[in-house]
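Here are my notes for you on this one, written as a list so you can take the points one at a time. Keep the structure open while you read and click on each residue as it comes up.

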Amino acid sequence: MNTGKYVFAQVVSVLDPNDFKKCVDKHKGNYKIKDFTCWHQLLCMMFGQLANRESLSDLVLCLQSQRNKWYHLGIGNSISKSNLAYANEKRSWQIFADFAYLLIAEARNCIAPNPELKEFDAYGVYAIDTTTIDLCLEVFWWAKFRKHKAAVRLHTLLDIKSDIPCYLHITDGKTHEVNVLDLIEFERSGIYVMDRAFLDFSRLYDIHEQFAYFITRAKTNMKFKRVYSTSTNKADGVMVDQTVKLVNFYAAKQYPKKFRRIKFYDAETKKKFIFLTNNFDLTALQIALLYKQRWKIELFFKWIKQHLKIKSFWGYSQNAVKVQVYCAIITFVTVALVKQKFKTELTQYQILQILSITLLNKTPINQLFQDALLQYVKEQNYNQLKMF
């Protein structure tokens, strides 16, 4: 008989309840709460994310069918749909946001950086982008977007070296993505890669004034004068490497300094790209390589939308939506920490798929990741002739 922990309890063991308690105490999340605490709420939401539950009713029904395991799962003894819905509606989403940032800091410290970016060890490398999640206007009336459509936007700062999101900001669909640049604290000598939707010269100059670097793409109508050019190797795809200044009155007032304009031809896609950056130390080819890494944030958005529950929400208020999104991020980072803790070569997608069907097993988690996949193992004496 296996008397070990359930897989879900083993996963949750990478979280520090004391850190979460500090976040709860800061926002008085457990004020006048007797049974169903914020910790129980977090575990229930994580269980729903890991088990890929479709709705709040689905999640609660599955948990209630396993009532005899609640104590060992650590989720308390007062789970009901009304309790969980009320908690998501009323308890501050900032509790879960603060805890998510604590986990993110832990993950960034322990996850080894991508070896492909070893030449950029002197810099922090980040991607900034926004994804839109469409909603029903009649239900999510507060999430203004279009005349007949609602939406929320998830503004994200992703650490490209560790593939961990560093900062998230949730707004309604009408908030333009460039506004997130006003909220980010830019790291000294950090490189921030973004697409041309973030081309706002006053905000780019703020990045420059904070001794950070930006890489973005130019718009076709940008007016500039060339100060001087640097020789390039067209065989590498670098067609132009110029130092330029803006000439339009308002644009030049917003960004009065010089910056680089790099024209690059990508032989793989057969497209030309024009990059703008205030970094004069890296080569033009390195700038192009860093911009290519921006695609990782698109993959991050695709991953969480496909494998976590942030496209269909389990509550309708603004607070409930933010609680669910931050619980999804906590789940994402927890899976990354599990991958790091057990030194497995499986991808986060593979880990998530394995966990989704084994949460209520008592198999040691490292054994789940180390066992060979039976469908790829040939049966013993598989070449022996069959009698019938």
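The points below go through pockets, aromatic rings, salt bridges and one loop residue.

1. Before anything else, keep in mind that this is a predicted model. Every value in this note was computed from that model.

2. Let's start with the largest pocket, which holds about 660 Å³ of space. Its lining is made up of 22 residues, and the ones nearest the centre are Ser162, Asp163, Phe332, Lys339 and Gln348. Two elements give two or more residues each to this lining: helix 11 (295-307) and helix 12 (318-341). Sorted by class, the lining of the largest pocket has 11 nonpolar, 6 polar and 5 charged residues. Remember Phe332 and Asp163, as both names come back below.

3. Now the second largest pocket, with about 450 Å³ of space. Here 18 residues do the lining, and Asp266, Thr269, Phe273, Tyr291 and Lys292 sit nearest the centre. Strand 9 (259-266), strand 10 (271-277) and helix 10 (284-293) each put in at least two residues. Which of these gives the largest share of the lining? That is helix 10, with 5 residues. The class count for the second largest pocket is 9 nonpolar, 1 polar and 8 charged.

4. On to the rings. The whole structure has 24 aromatic pairs. One of them joins Phe300 and Phe332, with 5.2 Å from centre to centre and 80° between the planes, an edge-to-face arrangement. Phe300 belongs to helix 11 and Phe332 to helix 12, so look for two distant parts of the chain, 32 residues apart, linked by this pair. Both Phe300 and Phe332 are buried.

5. Phe332 also pairs with Trp303: the ring centres are 5.3 Å apart and the planes meet at 75°, which is why this pair counts as edge-to-face too. What does the pair tie together? Trp303 is in helix 11 and Phe332 is in helix 12, so the contact connects parts that are 29 residues apart in sequence. Trp303 is buried, as is Phe332.

6. Rings can also gather in a group. Phe201, Tyr205, Phe214, Tyr255 and Phe259 make up one aromatic cluster. Try showing these five side chains together.

7. Two charged side chains are worth a look for where they sit. Arg146 lies over the face of Phe145, 4.1 Å from the ring centre. Lys362 has its charged end over the ring of Tyr6, at 5.0 Å from the centre.

8. Next, the salt bridges. Side chains of opposite charge can pair when their charged atoms come close. A search of the whole model turns up 13 salt bridges. In one of them, Asp98 meets Lys26, and their closest N and O atoms are 3.6 Å apart. Asp98 is in helix 7 and Lys26 in helix 2 (residues 17-27), so this bridge ties together parts that are 72 residues apart in sequence. Asp98 is partly exposed at 22% relative accessible area, while Lys26 is exposed at 61%.

9. Another bridge brings back Asp163, the residue you met in the lining of the largest pocket. Asp163 pairs with Lys296, and the closest N and O atoms are 3.8 Å apart. Lys296 is in helix 11 and Asp163 is in the loop between strand 3 (149-159) and strand 4 (164-172), so the bridge ties together parts that are 133 residues apart in sequence. Is each partner buried or exposed? Lys296 is buried, with a relative accessible area of 17%, and Asp163 is partly exposed, with 34%.

10. Arg203 and Asp200 form a salt bridge as well, with the closest N and O atoms 3.1 Å apart. Arg203 has a relative accessible area of 16%, and buried means under 20%, so Arg203 counts as buried. Elsewhere, Asp129, Asp195, Arg294 and Glu298 are joined into one network by salt bridges that share partners.

11. Last, a loop residue. Where is Pro115? Look in the loop between helix 7 (93-110) and strand 1 (125-135). Exposed means over 50%, so Pro115, at 68% relative accessibility, is exposed. From Pro115 to Gln94 is 21 residues in sequence and 34 Å in space, C-alpha to C-alpha.

Methods:
Residues numbered from 1 in each chain as written. Predicted model: local features only at pLDDT ≥ 70, side-chain atom pairs only at ≥ 80, totals over all residues. Heavy atoms only, no water. 1 Å grid on protein atoms, 1.4 Å probe; cavity = no way out; pocket = protein on both sides within 12 Å on 5 of 7 lines; lining within 4 Å. Points joined across faces, edges and corners; volume = space filled by probe spheres on them. Helix = DSSP H or I, 4+ residues; strand = E, 2+ residues; numbered from the N terminus. Nonpolar A, V, L, I, M, F, W, Y, C, P; charged D, E, K, R; others polar. Phe/Tyr/Trp six-rings, centres within 6.5 Å; stacked < 30°, edge-to-face > 60°. Buried < 20%, exposed > 50% of the residue type's maximum accessible area, 1.4 Å probe, protein only. Lys NZ or Arg CZ within 6 Å of the ring centre and 35° of its normal. Salt bridge = Lys/Arg side-chain N within 4 Å of Asp/Glu carboxyl O.
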